[in-house]
Amino acid sequence: MELQDFTANNFYFDDTVDPEINALLAESALNPLAAETELYLLRAHFIDSKDLHVIVALYAYFLQHQRWQDAFMAANKALKLSAKRLYLPTDWRQLTRLHIGQGVLISMVLTRFYLLAHKACATLELELGQVEEGYKRLKKLQELDSADRLALADLVHQAQDLYSEFYIIKHASA
C-alpha cells in the first residue's frame, strides 16, 4: 500500500479524528477535483496541523494535481510526525535496521507508514529533479527492506537508470 492509497477508513495509525476534521475530510473526498476541495483540506489543516489523516489527504490532493513540491512538503511532514512518534531519525542517511526494529516495538503499522513516507519523499525527489538524493534514499530503503515489502525493486531500477543519466550529464559538463 502506498502513502497516497490511504483513506479515512484505511490508515496505519489509530488516532482519534476530530469530528470537524472528519467532516471536512469527508467533504473533500466527495469531489477531489473541485476547486473548494483544497479549502476543505486547508481548513482541516488549520484545525490540527499534526493530524496524519489531514497530511495524507493533502498529499493525495497535491499528487493528484501534480503539485510535486507541495506533495513533497506533505510527505516530508508526515515523515517527521511519524518519526517523532516512533523516536526515529528523519534523515534517511542515519536510518539503520536497529532503528526500524525499535520503531516496530512501538508500532509496526506506524513504522511501515514512516517507511512509505520516505519512499514517497524519494519518488518526489526524482520527480523534482533531485535525482541523486532520491536514488540514494531509495537504495538505503532497499538495503533496510531485503524482503522488498515496500515494493522498491522496480522503482530502484528506474531510479538507477535516471541516476546513471544524471551522473553522465553532470560529469560531461564538468
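**Group meeting: an eight-helix predicted model**

I will start with charges: E38, R67 and D70 are joined in a network of salt bridges. What you are looking at is a predicted model, and the structure holds six salt bridges. As background, side chains of opposite charge can pair when their charged atoms come close. I will come back to the other pairs after the overall layout.

How many helices and how many strands are there in the protein? There are eight helices and zero strands. Read along the sequence, the pattern is therefore α-α-α-α-α-α-α-α. The protein has 174 residues, and buried residues make up 43% of them. If we take the contacts with a separation of 6 or more, 61% are between residues 24 or more positions apart. The accessible surface is about 9,600 Å², and carbon and sulfur atoms hold 54% of that.

Next, confidence. The mean pLDDT of the protein is 90, with 89% of residues at 70 or more. Which elements have the lowest and the highest mean pLDDT? Helix α8, residues 153–172, has the lowest, at 84, and helix α4, residues 68–86, has the highest, at 97. A general caution: where pLDDT is low, the predicted coordinates should not be read in detail.

Now α4 itself. It has 19 residues, and at 1.5 Å a residue they should span 27 Å. The end C-alpha atoms of α4 are 26 Å apart, which agrees. Several residues of α4 are buried, including A71, F72, A74, A75 and N76. Further along the helix, L79, L81 and L86 are also among the buried ones. What covers these buried residues? The cover includes α3 (52–64), α5 (97–106), α6 and α7. Just after α4, Y87 takes a positive phi of about 60°.

Before α4 there is a loop, which follows α3, and H65 sits in that loop. With 29% relative accessibility, H65 counts as partly exposed. H65 touches P32 and L33, leaving out residues up to four places away in sequence. H65 and P32 are 33 residues apart along the chain, and their C-alpha atoms are separated by 9.6 Å.

On to α6, residues 108–127. Its 20 residues should span 28 Å at 1.5 Å a residue, and the end C-alpha atoms are 29 Å apart, which agrees. Is α6 mostly covered or mostly uncovered? It is mostly covered, with 15 of its 20 residues buried. Just after α6, G129 has a positive phi of about 85°.

That leads to the core. In general, nonpolar side chains in soluble globular proteins tend to be buried together. Here the largest nonpolar core has 48 residues, and the members that touch the most others are Y59, Y114, L115, L124 and L138. At least two residues of this core come from each of α1 (19–30), α2 (36–47), α3, α4, α6, α7 and α8. Which helix gives the most to this core? It is α6, with 11 residues. To take one core member, L115 is in contact with L95, I100, L141 and L150, leaving aside neighbours within four places in sequence.

Back to the salt bridges, as promised. R137 pairs with E125, and their closest N and O atoms are 2.9 Å apart. R137 lies in helix α7, residues 131–144, and E125 lies in helix α6, so this pair ties together parts that are 12 residues apart in sequence. Are R137 and E125 buried or exposed? Both R137 and E125 are buried.

Another pair is E132 and K136, at 2.9 Å from N to O. Why are E132 and K136 separated by about one helical turn? Because they are four residues apart in helix α7. E132 has 24% relative accessibility, so it counts as partly exposed. K136 is partly exposed as well, with a relative accessible area of 37%.

The last pair is R93 and D91, with the closest N and O atoms 2.6 Å apart. R93 counts as partly exposed at 47% relative accessibility, and D91 counts as partly exposed at 24%.

To sum up, this predicted model has eight helices and zero strands. Its largest nonpolar core has 48 residues, and α6 gives the most to that core. The structure also holds six salt bridges, and the one between R137 and E125 has both residues buried.

Conventions:
Residues are numbered from 1 along each chain as its sequence is written. This is a predicted model: local features need pLDDT of at least 70, side-chain atom pairs count only at pLDDT 80 or more; totals for chains, interfaces and linings use all residues. Side-chain values use heavy atoms; hydrogens and water are left out. pLDDT is the predictor's confidence in each residue, from 0 to 100. The expected span of a helix is 1.5 Å times one less than its number of residues. Buried means under 20% relative accessible area, exposed over 50%, partly exposed in between (1.4 Å probe, protein chains only). A salt bridge is a side-chain nitrogen of Lys or Arg within 4 Å of a carboxyl oxygen of Asp or Glu. Contact means heavy atoms within 4.5 Å. Accessible areas come from the Shrake-Rupley method with a 1.4 Å probe; for residues, only the protein chains shown count as cover. A nonpolar core is a set of buried Ala, Val, Leu, Ile, Met, Phe, Trp, Tyr and Cys residues joined through side-chain atoms within 4.5 Å.
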